[in-house]
Number of protein chains: 2
Amino acid sequence: MATDDLMTRALEALGDDGPLSAEAIHRLAGPAGLADLPATMTIADVAGLLDISPHTLRYYERAGLVEVARDGNGHRVYDAGAVRRLVFLTRMRLSGMPMRDLRHYVSLVDAGGHTVPERLDVLVEHRDTIRRRIRELTLSLTAVEYKIATYGGSTGPDVPAGGPLTGTGRTAPPDEPLRRTLATPTTMTR
Amino acid sequence: MATDDLMTRALEALGDDGPLSAEAIHRLAGPAGLADLPATMTIADVAGLLDISPHTLRYYERAGLVEVARDGNGHRVYDAGAVRRLVFLTRMRLSGMPMRDLRHYVSLVDAGGHTVPERLDVLVEHRDTIRRRIRELTLSLTAVEYKIATYGGSTGPDVPAGGPLTGTGRTAPPDEPLRRTLATPTTMTR
DNA sequence: GTTTGCGTTCGAGCGCGCTCGAAGGCATAG
DNA sequence: CTATGCCTTCGAGCGCGCTCGAACGCAAAC
């Protein structure tokens with residue numbers, strides 16, 4: 001996934017250390033979350049905070065998404081503003097917004113307050129994209145759940161009559177009966 | 001979208017012709033959906049059915065995901081089995097399963113009925129991946145919705161004191177107050 | 001006949017978002 | 001003093017999933 005690398009890693013991280021790690025970024029949500037930030041942070045600090053690599057942080061900077069000051073040694077110094085922006089950017093990336101759009105958004109921010117309406121447009125569009133994606137995933141989820149269910153515990157009603165190994169693979173699991181289930185895609189909470 | 005190209009196109013398609021087109025694949029869900037398929041289809045037929053390009057269909061075949069017969073002219077002839085498999089594959093791709101996993105799954109199917117347990121493992125894992133992704137997106141959605149809300153109608157409580165255009169961009173919208181909202185991420189239906 | 005249209009194979013190319021590695025600077029530890 | 005470690009810049013490379021184009025075949029339309 002192009003747009004997906006970050007997400008992919010986040011999802012994989014989930015497997016690593018419990019069901020909370022991919023939500024790392026969301027933990028820094030409240031005023032508290034951003035208030036208890038140190039005044040400045042090193043690249044390693046920020047990388048740890050956002051659960052992305054220093055390489056990626058430098059990449060974002062090169063891409064023009066943030067400006068980061070340097071200390072006497074030429075090392076990056078992330079102030080609260082830069083960190084806040086990176087929190088936002090990472091959230092957007094995680095929810096699938098492409099770099100291109102992020103660059104656009106950032107250019108609007110840097111252009112001044114008069115771009116607020118256009119910024120809102122961007123956000124609203126992204127919100128709708130997320131909603132569509134959730135709906136899409138919910139439908140797929142229902143289909144996959146159905147398929148799992150009809151597989152039985154082991155060998156189910158699939159692998160039916162026409163013997164196994166039959167070339168093109170009618171050995172394949174059922175793709176058919178989904179009508180009622182899909183007609184009621186409210187199953188998400190299951 | 002590495003993993004994302006298909007999804008991206010699906011999402012873009014949504015914009016094109018109403019809120020239903022990305023769900024094209026889900027329309028062919030029920031037994032009816034698959035029953036009313038012609039006995040055989042051309043590549044253009046299948047491409048239209050699945051809303052993917054003939055190029056992509058050939059690519060899937062080259063990748064070893066389906067076998068497709070040829071007619072006297074060397075043209076592809078998709079039988080019902082191939083189409084069913086492609087419906088499944090497309091669904092999985094749309095929900096983010098990487099080609100790699102799809103190849104693995106298909107190899108299991110082609111290996112015979114004794115691989116059903118392992119196939120189930122794959123499906124269950126993918127189900128969990130989808131669920132995590134939905135949760136992740138739901139959190140992001142809440143954050144974006146909050147941000148939109150606090151932007152006010154135009155210039156909101158953001159773009160506050162410290163004048164606009166101030167370099168690093170405290171001009172940026174609020175990333176702070178999300179605590180209560182995020183603590184109750186049940187807001188998905190809003 | 002030629003043209004149009006739809007198909008074929010094959011290998012190369014692309015866009016995305018990282019990801020890496022080389023070559024070096026500076027500072028603290030031993 | 002020499003490590004060790006963390007940082008720097010820069011450009012190149014990678015993995016993914018398409019996507020494209022060239023060169024060609026066959027068949028129905030005109």
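Of the atoms of DNA strand C within 4 Å of the protein, what percentage belong to sugar or phosphate, and what do the rest belong to? The share is 75% for sugar or phosphate, and the rest belong to bases.

The model is predicted: local features need pLDDT of at least 70, side-chain atom pairs count only at pLDDT 80 or more, and totals for chains, interfaces and linings use all residues. Residues are numbered from 1 along each chain as its sequence is written, chains are lettered from A and ligands numbered from 1 in the order in which they are written, and side-chain values use heavy atoms, with hydrogens and water left out.

DNA strand C is surrounded by 25 residues, a residue being near the strand if one of its heavy atoms lies within 4 Å of it. The closest are Y60(A), R93(A), M99(A), R70(B) and R76(B). In chain A, a side-chain N or O atom of R93(A) is 2.8 Å from a phosphate oxygen of DNA strand C, and one of N73(A) is 3.1 Å from a sugar or linking oxygen. In chain B, a polar side-chain atom of R58(B) lies 3.0 Å from a phosphate oxygen of the strand.

Among the elements that give two or more residues to this surface are α5 (54-62) of chain A and α5 (54-62) of chain B; such helices are DSSP runs (H or I, at least four residues), numbered from the N terminus. The most comes from α5(A), with 5 residues.

In α5(B), T56(B), L57(B), Y60(B) and E61(B) are buried, meaning under 20% relative accessible area with a 1.4 Å probe and protein chains only, whereas exposed means over 50%. These buried residues lie on the same side of α5(B) because they cover an arc of only 145 degrees around the axis, taken from the directions from the helix axis to the C-beta atoms. The face turned away from that buried side carries the exposed residues H55(B) and R62(B).

Conventions
Polar contact = N/O pair within 3.5 Å; in protein donor to acceptor, adjacent residues only side chain to side chain.
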